Amino acid sequence: VQLQASGGGLVQAGGSLRLSCAASGNVARIDDMGWYRQPPGEPREQVASIAASGVPNFADSVKGRFSISRDYAKTTVYLQMDSLKPEDTGVYYCYANFRKRSFSRPETSWGPGTQVTVSS
């Protein structure tokens, strides 16, 4: 699975951004998709995920401000980020857990990362 992300940028605190991540490739199925972020000088942390069933999960730091969704084909994931704070600044990486064949072991693919900068 190849992932292509877009939508990062510079925004003032309180603003909004929408990230998207499109998966492509011939695989049996894509399970959960989501986003991690890496703030400057800090380790990568999970932000949000969404199962193939549509059930979302969020880090406590973004609950109530971020939402996540997938398209009908379940190959594109969107992260809507509202009420952004300077501490949301970082490189955002999308990921997808997938299986090449129905009985293959699960694998993870990562997108190249997109910069989100929130100014105070």
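Residues with a relative accessible area under 20% are classed as buried, those over 50% as exposed, and those in between as partly exposed. In this predicted model, Lys63 has a relative accessible area of 49% and is therefore partly exposed. The partner of Lys63 in a salt bridge is Asp60, with the closest N and O atoms 3.1 Å apart. Asp60 itself counts as exposed, at 65% relative accessibility.

The model contains 7 salt bridges. One of them joins the side chains of Arg37 and Glu45, with an N to O distance of 2.7 Å. The two partners fall into separate burial classes: Arg37 is buried, at a relative accessible area of 4%, whereas Glu45 is partly exposed, at 30%. Arg37 and Glu45 also belong to a network of salt bridges that includes Arg65 and Asp88. A further salt bridge links Lys100 to Glu107, at 3.9 Å from N to O. Lys100 is partly exposed, with 42% relative accessibility.

Glu107 leads into the description of strand β10, which spans residues 107-110. Side chains alternate along this strand: Glu107 and Ser109 are directed to one face and are buried, while Thr108 and Trp110 are directed to the other face and are not buried. Strand β10 runs antiparallel to β9, and the two are joined by 4 bridges. Within this pairing, Phe98 lies opposite Glu107 of β10. Glu107 thus has Lys100 as a salt-bridge partner and Phe98 as the residue opposite.

An open sheet is formed by 4 strands in the order β1-β3-β8-β7, with antiparallel pairing. Strands β1 and β7 are the edges of this sheet, each pairing on one side only. From one strand to the next, the twist averages 15°. The pairing of β1 with β3 is antiparallel and extends over 5 bridges. In this pair, Gln2 is placed opposite Ser24 of β3. In general, the strands of a sheet pair through backbone hydrogen bonds, in either a parallel or an antiparallel sense.

The largest nonpolar core comprises 29 residues. The members that touch the most other members are Leu3, Trp35, Val47, Phe66, Leu79, Met81 and Tyr92. Two or more residues are contributed to this core by each of β1 (2-6), β3 (17-24), β4 (29-38), β5 (45-50), β7 (66-70), β8, β9 (90-99) and β11 (114-119). In soluble globular proteins, nonpolar side chains tend to be buried together.

The surroundings of Leu79 illustrate these contacts. With residues up to four places away in sequence left out, Leu79 touches Leu17, Arg18, Leu19, Trp35, Val47, Ala48, Phe66, Ser67, Ile68 and Tyr92. Among these neighbours, Trp35, Val47, Phe66 and Tyr92 are also listed with Leu79 as core members that touch the most others.

Val77 is located in strand β8, which covers residues 76-81. Its relative accessible area is 0%, and Val77 is therefore classed as buried. Beyond residues up to four places away in sequence, Val77 is in contact with Leu19, Ser20, Cys21, Met33, Trp35, Ile50, Ile68, Ser69 and Arg70. Pro40, by comparison, is separated from Val77 by 37 residues in sequence and by 24 Å in space, C-alpha to C-alpha.

Methods. Residues numbered from 1 in each chain as written. Predicted model: local features only at pLDDT ≥ 70, side-chain atom pairs only at ≥ 80, totals over all residues. Heavy atoms only, no water. Salt bridge = Lys/Arg side-chain N within 4 Å of Asp/Glu carboxyl O. Buried < 20%, exposed > 50% of the residue type's maximum accessible area, 1.4 Å probe, protein only. Contact = heavy atoms within 4.5 Å. Core = buried A, V, L, I, M, F, W, Y, C linked by side-chain atoms within 4.5 Å. Pairing = 2+ DSSP bridges. Axes fitted to C-alpha atoms, helices over the stretch in contact; angles between N-to-C directions.
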